[in-house]
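Trainee: I should like to request a close look at a single part of this structure, the nonpolar patch on its surface. Please then set that part in the context of the rest of the chain.

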Amino acid sequence: MDGPGTAARDAGGADGSLRAQEHRGSLRAALTGLTTRGRSFLAAGAAAVVCAYVLGQGDLLRVGVLLAALPLVCVVVLHRTRHRVAASRRLSPVRVPAREEARVHLRLDNVSRLPTSLLMLQDQVPYVLGPRPRFVLDRMEPGGRREVSYRVRSDLRGRYPIGPLQLRLTDPFGMVELTRAFSSHDTLTVVPRTEELPPVRLTGEAAGLGEGRHRSLAMAGDDDVIPRGYRHGDDLRRVHWRSTARHGELMVRREEQPQRPRCTVLLDTRRTAWAGSGPESAFEWAVSGAASVAVHLLERGYAVRLLTDAGTPVPGPDGGGTDTAAADTAGLIMDTLAVVEHSGEPGLARAYEALRGGGHEGLLVAFLGSLDDEQTVLAGRMRQRAGGAVALLPRGFREPAAQEEKERSLREAGWTVLPYTPGEALPDLWRQADRSAGGVPGRTARSGR
């Protein structure tokens with residue numbers, strides 16, 4: 001924080017705050033800090049001086065000089081008072097689900113050798129997080145510290161800046177008030193709410209679990225084992241003696257590396273595919289559902305990626321594989337869903353190209369909006385790129401007959417279709433996918449490929 005009357009800085013540290021620059025303000029800038037009371041005293045004093053001069057009243061002149069001098073003296077004193085104040089901010093947590101509260105902790109340290117005057121503290125927050133918090137701090141002794149906190153809450157997901165922090169300095173008479181701001185701010189990420197989903201068995205799930213590979217290795221003969229050279233620390237019980245005799249050096253069986261099941265969560269964000277807006281809209285329900293499914297499958301050991309109609313997966317090609325921690329992947333996906341908005345894409349062509357270029361089969365869970373005939377056909381072709389596919393479709397965008405026709409077309413293409421109403425409990429809907437997983441349409445689509 002900088003300017004007349006104080007010298008302040010943001011304390012660096014684990015909270016990632018930045019240091020503010022220190023400047024010396026001019027006396028003219030301090031004059032702009034006169035409050036209504038200070039301006040009134042100044043005007044009254046000037047009027048009294050003029051009247052005393054016109055009327056020749058010496059006593060009135062002394063009163064006028066006193067009234068005019070008091071706010072000016074306060075300006076000079078506050079301007080020359082040099083406080084050194086350090087501030088830091090900490091968010092707990094930095095990523096919070098919508099409709100839940102986060103706490104912001106503020107700490108001020110007087111790093112100068114002089115005590116501070118009365119300080120009024122105000123942090124800048126967007127209106128969606130609530131009213132701006134204000135605090136009044138009493139005199140801080142040299143080396144003293146004050147800690148305050150406040151809560152923020154948002155019904156809307158997004159990324160919201162918090163800060164910069166502002167300090168208001170005032171004199172004991174309330175004549176002058178100077179506002180100075182620190183330079184740093186923090187960002188609060190409000191992510192979609194997630195629901196805990198029951199464990200279900202979905203079509204195509206077993207193909208990615210590595211069970212087939214386990215079984216094939218168990219049935220393979222001894223000659224089918226691919227050995228490698230012995231390394232220090234290898235278990236001698238894994239020595240492959242036949243290969244050792246053939247190569248003339250110790251060879252051991254390779255450790256089996258089971259494959260992780262894979263899943264793509266597709267979110268349709270086309271503006272033309274959704275009706276309504278706000279926290280209770282169908283699109284927000286779909287965003288929350290995509291987040292819930294992604295977190296649920298990550299907890300079950302899946303390698304999950306998020307894909308929208310724009311065709312860019314999250315994590316990208318270099319991330320989200322078997323070596324990426326589930327927590328890191330979940331963080332990337334949740335941060336992306338926190339700021340996802342409607343797109344201007346005309347269709348799902350880019351998403352289809354991304355699936356076609358993925359190079360592997362896995363589970364596909366799609367949260368789709370309204371589909372026309374062309375997009376319904378394209379969605380049916382997406383099913384061919386997945387080992388199993390579940391489509392969640394909102395009700396009410398079309399006439400019931402047209403809606404049923406789209407659902408029937410997707411089922412014939414091999415999708416497990418789950419129609420829903422915005423606000424419906426996702427766990428109950430997810431259980432229906434379990435009951436539908438072994439149905440005839442899924443097996444027919446697989447055999448017809």
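Mentor: Helix H2 supplies the largest share of the nonpolar patch, namely four residues. The model is a predicted one, and in it the patch consists of Val50, Tyr53, Val54, Leu55, Leu60 and Val63, with an area of about 640 Å². Two elements contribute two or more residues each: helix H2, which spans 36–55, and helix H3, which spans 58–80. Val63 belongs to helix H3. Its relative accessible area is 43%, so Val63 is classed as partly exposed, a class that lies between the limits of 20% and 50%. Residues enter such a patch only with over 30% relative accessible area, and the 43% of Val63 satisfies that condition.

The patch may be set against the totals for the chain. The protein chain has 449 residues, of which 45% count as buried. Its accessible surface amounts to about 23300 Å², and carbon and sulfur atoms account for 52% of that surface. The secondary structure comprises 13 helices and 18 strands. Of the contacts between residues at least 6 apart in sequence, 74% join residues at least 24 apart.

A second partly exposed residue is Leu250, with 33% relative accessibility. Leu250 lies in the loop between helix H6 (241–247) and strand S13 (251–253). Beyond its neighbours within four places in sequence, Leu250 is in contact with Arg228, Gly229, Tyr230, Val239, Trp241 and Thr244. Leu236 is 14 residues from Leu250 along the chain, and their C-alpha atoms are 9.5 Å apart.

For a buried counterpart, consider Val190, which sits in strand S11 (residues 186–191). Its relative accessible area is 1%, and Val190 is therefore buried, the limit being under 20%. Outside its neighbours within four places in sequence, Val190 is in contact with Val96, Pro97, Ala98, Ser154, Leu156, Arg157, Gly158, Tyr160 and Ala338. A separation of 96 residues in sequence lies between Val190 and Val94, yet their C-alpha atoms are 8.5 Å apart in space.

Two of the contacts of Val190, Gly158 and Tyr160, lead to strand S8. In a regular strand, side chains alternate between the two faces of the sheet. Strand S8 (residues 158–162) shows this alternation: Gly158, Tyr160 and Ile162 point to one face and are buried, whereas Arg159 and Pro161 point to the other face and are not buried. Strands S8 and S11 are paired antiparallel through five bridges. Within S11, Thr189 is the bridge partner of Arg159.

Another group of strands forms an open sheet: four of them are arranged in the order S6-S5-S9-S10, with antiparallel pairing. Strand S6 (134–137) and strand S10 (177–181) are the edge strands; each has a single partner strand, so one side of each has no neighbour in the sheet. On average, neighbouring strands of this sheet are turned by 20° against each other, direction ignored. Between strand S5 (residues 119–123) and strand S9 (residues 165–170), which run antiparallel, there are five bridges. Leu119 stands opposite Leu169 of S9.

Some backbone details deserve attention as well. The peptide bond from Ser92 to Pro93 is cis, its omega being near -5°. Pro93 is located in the loop between strand S2 (84–92) and strand S3 (95–97). A cis peptide bond also joins Val314 and Pro315, with omega about -5°. Pro315 is located in the loop between strand S15 (303–308) and helix H8 (326–339). Arg99, a residue other than glycine, has a positive phi, near 70°. The loop that holds Arg99 runs between S3 and strand S4 (101–110). With 34% relative accessibility, Arg99 is partly exposed.

To return to the part requested, the nonpolar patch draws two or more residues from each of helix H2 and helix H3, with the largest share coming from H2.

Notes:
Residues are numbered from 1 along each chain as its sequence is written. This is a predicted model: local features need pLDDT of at least 70, side-chain atom pairs count only at pLDDT 80 or more; totals for chains, interfaces and linings use all residues. Side-chain values use heavy atoms; hydrogens and water are left out. Buried means under 20% relative accessible area, exposed over 50%, partly exposed in between (1.4 Å probe, protein chains only). Contact means heavy atoms within 4.5 Å. Patches are made of residues with over 30% relative accessible area and no salt bridge: like charges are joined within 9 Å, nonpolar side chains (Val, Leu, Ile, Met, Phe, Trp, Tyr) within 5 Å. Accessible areas come from the Shrake-Rupley method with a 1.4 Å probe; for residues, only the protein chains shown count as cover. A salt bridge is a side-chain nitrogen of Lys or Arg within 4 Å of a carboxyl oxygen of Asp or Glu. Two strands pair if DSSP finds at least two bridges between them. Axes are lines fitted to C-alpha atoms, for helices over the stretch in contact, and angles run from 0 to 180 degrees between N-to-C directions.
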